[in-house]
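Colleague: I am new to this structure and would be glad of a guided close look at one part of it. Could you pick a helix, walk me around it, and then show me what lies beyond?

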Amino acid sequence: SYMAIFQPITSMVSNSLDLYKNICKMSDELGISLVTSRILINRGICDPRQAREFLNPSLDALSNPFDIQDMDKAVKRIEQAVKEGQHVTIYGDYDVDGMTASAVLYNFLSKNGCSVDVYLPHRHSEGYGINKSALEAIYEQGTDLIISVDCGITAIEETEYAKELGMDIIITDHHQCGAVLPDAIAVVNPRRNPELYGNYQLAGVGVAGKLVHALGGIKSLEEYLDLICLGTIADVVPLIDENRILVAKGL
């Protein structure tokens with residue numbers, strides 16, 4: 001009976017000693033205070049290497065954008081549009097994430113010789129996502145290629161309609177994928193790569209940033225970190241891993 005009383009206490013003391021050892025180890029290896037070390041461990045960051053990256057975010061730690069499925073197909077089609085002088089329309093969204101994603105991609109493409117404009121659906125009269133009436137209007141403007149940002153992952157019928165009208169479409173999105181994906185030229189969504197983005201998700205503007213990274217390299221991405229930061233924070237995605245890097249450098 002005495003053992004039954006003291007066993008939980010002994011276990012608590014042992015766990016506390018182990019925790020204190022880990023706090024001291026983290027503090028010594030990183031040269032940080034015990035308080036900072038304890039906060040990191042409380043947040044689940046127990047490995048010194050992981051903690052070092054968390055405290056010192058670097059663009060060098062960003063993953064290769066071509067690791068995202070279909071990124072190579074998207075880049076190839078966009079490069080073709082630029083080379084052949086085709087007209088591109090970015091189909092965005094009316095929230096901060098969608099507008100900053102549209103701005104990032106528009107600024108990059110227009111700066112690099114692409115004929116490009118942006119379509120943002122009306123919040124009340126159209127609602128979220130790609131709609132057929134908008135596609136008709138975009139087609140009438142002479143668009144050859146549509147690139148969605150922050151939307152489109154569930155636009156199965158709309159993608160088919162765009163193709164019937166004679167336009168190619170690239171989907172870039174960060175929302176949950178359905179059982180069936182749109183039959184687009186490329187579907188760029190980090191949720192298709194759970195091994196790469198399993199513990200968090202990029203915002204829509206983060207995905208647009210990865211597309212810019214793939215098209216123009218890290219220097220091009222750096223030009224738009226302020227917009228990427230704004231959209232990432234506004235969309236309330238977890239500020240860890242790549243999101244933390246993009247926000248830290250954007251600030």
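Modeller: Happy to; what follows starts at helix H7 and then moves outward to other parts of the chain. Please keep in mind that this is a predicted model.

Let us begin with the helix itself. H7 covers residues 156–165. Which of its residues are buried? Glu158, Thr159, Tyr161 and Ala162 are buried in H7. These residues span an arc of only 160° around the axis, so they sit on the same side of H7. A general point about helices helps here: an α-helix has 3.6 residues a turn, so residues three or four places apart point the same way. What covers the buried residues of H7? The cover includes helix H6 (132–140) and strand S4. If you turn to the other side of H7, you will find Glu157 and Glu164, which are exposed. Just after the helix comes glycine 166, and its phi is positive, near 105°.

Now look at the charged side chains of this helix. Lysine 163 and glutamate 160 form a salt bridge with each other, at 3.4 Å from N to O. Both belong to H7 and are three residues apart, which puts about one helical turn between them. Are these two buried or exposed, or something in between? Lysine 163 is partly exposed, with a relative accessibility of 32%, and glutamate 160 is partly exposed too, at 31%.

Lysine 163 also has a partner outside the helix. It forms a salt bridge with aspartate 183, where the closest N and O atoms are 2.8 Å apart. Aspartate 183 belongs to the loop between strand S4 (168–172) and strand S5 (186–188), while lysine 163 is in H7, so this pair ties together parts that are 20 residues apart in sequence. Aspartate 183 is partly exposed, with 47% relative accessibility. Elsewhere, Asp47, Arg49 and Glu53 are joined into one network by salt bridges that share partners.

How many salt bridges does the structure hold? It holds 11. One of them is between lysine 111 and glutamate 223, whose side chains meet at 2.6 Å, N to O. Lysine 111 is in helix H5 (residues 96–111), and glutamate 223 is in the loop between helix H10 (218–222) and helix H11 (225–234), so the pair ties together parts that are 112 residues apart in sequence. Lysine 111 is exposed, with a relative accessible area of 55%. Its partner, glutamate 223, counts as partly exposed at 42%.

What about the cysteines? The structure holds zero disulfides. For cysteine 151, the nearest cysteine sulfur belongs to cysteine 177 and is 14 Å away. A disulfide here requires the two sulfur atoms to be within 2.5 Å, so cysteine 151 is in no disulfide. Cysteine 151 is buried, at 0% relative accessibility. Cysteine 229 is buried as well, at 5%.

Two loop residues also deserve a look for their backbone angles. Aspartate 70 is not a glycine, yet it has a positive phi of about 75°. You will find aspartate 70 in the loop between helix H3 (48–55) and helix H4 (71–83), and at 13% relative accessibility it counts as buried. Valine 236 likewise has a positive phi, near 55°, in a residue other than glycine. Valine 236 is in the loop between H11 and helix H12 (241–250). At 70% relative accessibility, valine 236 counts as exposed.

Finally, let us visit the largest pocket. It holds about 500 Å³ of space. Which residues are closest to its centre? Of the 19 residues that line this pocket, those closest to the centre are Gln50, Glu53, Ile240, Asp241 and Glu242. The elements that give two or more residues to the lining are H3, helix H8 (194–197) and H12. You have met one of these residues before, for Glu53 is also part of the salt-bridge network with Asp47 and Arg49.

To bring the walk back to its start, keep the two sides of H7 in mind: Glu158, Thr159, Tyr161 and Ala162 are buried, and on the other side Glu157 and Glu164 are exposed. Along with that goes lysine 163, which forms salt bridges with glutamate 160 and with aspartate 183.

Terms used:
Residues numbered from 1 in each chain as written. Predicted model: local features only at pLDDT ≥ 70, side-chain atom pairs only at ≥ 80, totals over all residues. Heavy atoms only, no water. Salt bridge = Lys/Arg side-chain N within 4 Å of Asp/Glu carboxyl O. Helix = DSSP H or I, 4+ residues; strand = E, 2+ residues; numbered from the N terminus. Buried < 20%, exposed > 50% of the residue type's maximum accessible area, 1.4 Å probe, protein only. Arc of directions from axis to C-beta. Contact = heavy atoms within 4.5 Å. 1 Å grid on protein atoms, 1.4 Å probe; cavity = no way out; pocket = protein on both sides within 12 Å on 5 of 7 lines; lining within 4 Å. Points joined across faces, edges and corners; volume = space filled by probe spheres on them.
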